[in-house]
Amino acid sequence: MTPPTVSVVIPAYNEGIRLPAFVEQLTRACLATPSPVLELVVSDDGSTPEHVEKERASVEAAQARLTEAGSPHRFRFVAAERNGGKGSAIRLGWRESDPRAEWLAFVDADGAVSAEEFLRMATLATTTPAIDVVVGSRIRMAGRHVERSLFRHLQGRIFATLTDMRFRLGYYDTQCGAKLFRASMLRPLLDRLQEQRWLIDVELLALMDQQGARPLEVPVDWVDTGESKVRFGVDAARMFWGLREMHRRLNRPQ
């Protein structure tokens with residue numbers, strides 16, 4: 001079996017409706033694009049049984065199609081016993097991923113970043129020697145298509161500003177759900193990851209920055225699915241407080 005170049009975790013919590021459509025999209029894209037070789041790990045985050053069944057069935061059907069076509073890509077399904085959050089699901093998927101993968105990545109299950117866009121990012125990562133981090137970015141610019149409500153855009157800009165004030169990372173968009181990391185740099189850091197939910201993005205970027213990782217921010221096409229699991233009031237407050245606590249933790253002498 002051909003080892004994967006990129007191991008991609010798709011964190012999923014009660015995604016029995018949206019995930020199968022995205023898995024189908026990924027399957028078509030993989031069948032049309034033989035390289036880089038992807039290992040796609042759907043990491044269920046303690047979903048209800050009916051959602052787990054639908055998610056698992058979509059992964060098994062996709063793998064059967066790839067096997068029949070002789071494709072080097074492959075799908076896998078792993079499941080947590082209880083809900084732990086996006087960060088927890090990503091860490092579980094990476095722990096279960098093929099240790100030979102040269103890149104560790106994740107992409108959101110809602111398909112806001114399409115399969116074709118993610119493969120474009122993966123190709124950039126694996127063919128550009130001078131980068132260690134590839135980050136999708138929802139920048140409205142010529143040649144890119146971004147469908148996003150004004151409210152979510154403003155919410156994202158406020159969060160990005162607060163993040164940059166704390167960490168000085170220089171990214172326009174830290175929260176777009178598609179990122180790739182050079183595995184040789186990230187694997188030694190996995191035990192240091194503590195964020196359970198949405199701040200996992202910032203934690204990863206901050207830790208990689210501390211190691212001198214070379215970043216590339218890539219404008220992507222992005223479509224708002226209208227079903228965000230982030231609740232603006234409570235979750236936004238937790239995020240802002242969490243940035244402060246994370247900054248203190250990551251800058252504490254080791």
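**Reading the labels on a predicted model**

Me: Why is Glu195 counted as buried?
Reply: Glu195 has a relative accessibility of 16%. Buried means under 20% relative accessible area, exposed means over 50%, and partly exposed is in between (1.4 Å probe, protein chains only). The value for Glu195 falls under the first cut-off, so the residue is buried.

Me: What do these values rest on?
Reply: The structure is a predicted model, in which local features need pLDDT of at least 70 and side-chain atom pairs count only at pLDDT 80 or more, while totals for chains, interfaces and linings use all residues. Residues are numbered from 1 along each chain as its sequence is written, and side-chain values use heavy atoms, with hydrogens and water left out.

Me: Where is Glu195, and what is it in contact with?
Reply: Glu195 sits in the loop between α6 (183–186) and α7. Contact means heavy atoms within 4.5 Å. Apart from neighbours within four places in sequence, Glu195 has Gly87, Ser88, Arg91, Ile200, Glu203, Met246 and Arg249 as its contacts. Ser88 is 107 residues away along the chain, yet its C-alpha is 7.6 Å from that of Glu195.

Me: What makes Gly84 buried?
Reply: Its relative accessible area is 15%, so Gly84 falls in the buried class. Gly84 belongs to the loop between β3 (74–79) and α3. Its contacts, neighbours within four places in sequence aside, are Asp45, Gln196 and Arg197. Arg197 is 113 residues from Gly84 in sequence, with the C-alpha atoms 7.6 Å apart.

Me: Why is α3 called oblique to α7?
Reply: Helix α3 (residues 86–95) and helix α7 (residues 200–210) pack at about 55°, and their axes are 9 Å apart. The axes are lines fitted to C-alpha atoms over the stretch in contact, with angles from 0 to 180 degrees between N-to-C directions. Under 35 degrees is roughly parallel, over 145 roughly antiparallel, 65 to 115 roughly perpendicular, and the rest oblique. The angle fits none of the named ranges, so α3 is oblique to α7.

Me: Which residues make that contact?
Reply: Lys86, Gly87, Ile90, Arg91 and Trp94 come from α3, and Ile200, Asp201 and Leu204 come from α7.

Me: How many helices and strands are there?
Reply: The protein chain has eight helices and nine strands. These are DSSP runs numbered from the N terminus: H or I with at least four residues for helices, E with at least two for strands.

Me: What makes Asn14 and Arg168 worth listing for their phi?
Reply: Most residues other than glycine have a negative phi. Asn14 is not a glycine and has a positive phi of about 50°; for Arg168, also not a glycine, the positive phi is about 55°. Asn14 lies in the loop between β1 (6–12) and α1, and its relative accessible area of 24% makes it partly exposed. Arg168 lies in the loop between α5 (150–167) and β7 (178–182), and its 64% relative accessibility makes it exposed.

Me: How do you know that the bond between Ser35 and Pro36 is cis?
Reply: Omega is about 0° for the peptide bond joining Ser35 and Pro36. Most peptide bonds are trans. Pro36 is in the loop between α1 (18–32) and β2 (38–44).

Me: What share of the protein chain is buried, and what share of its contacts is long in sequence?
Reply: Of the 254 residues, 51% are buried. Among contacts with a separation of 6 or more, 83% are between residues 24 or more positions apart.
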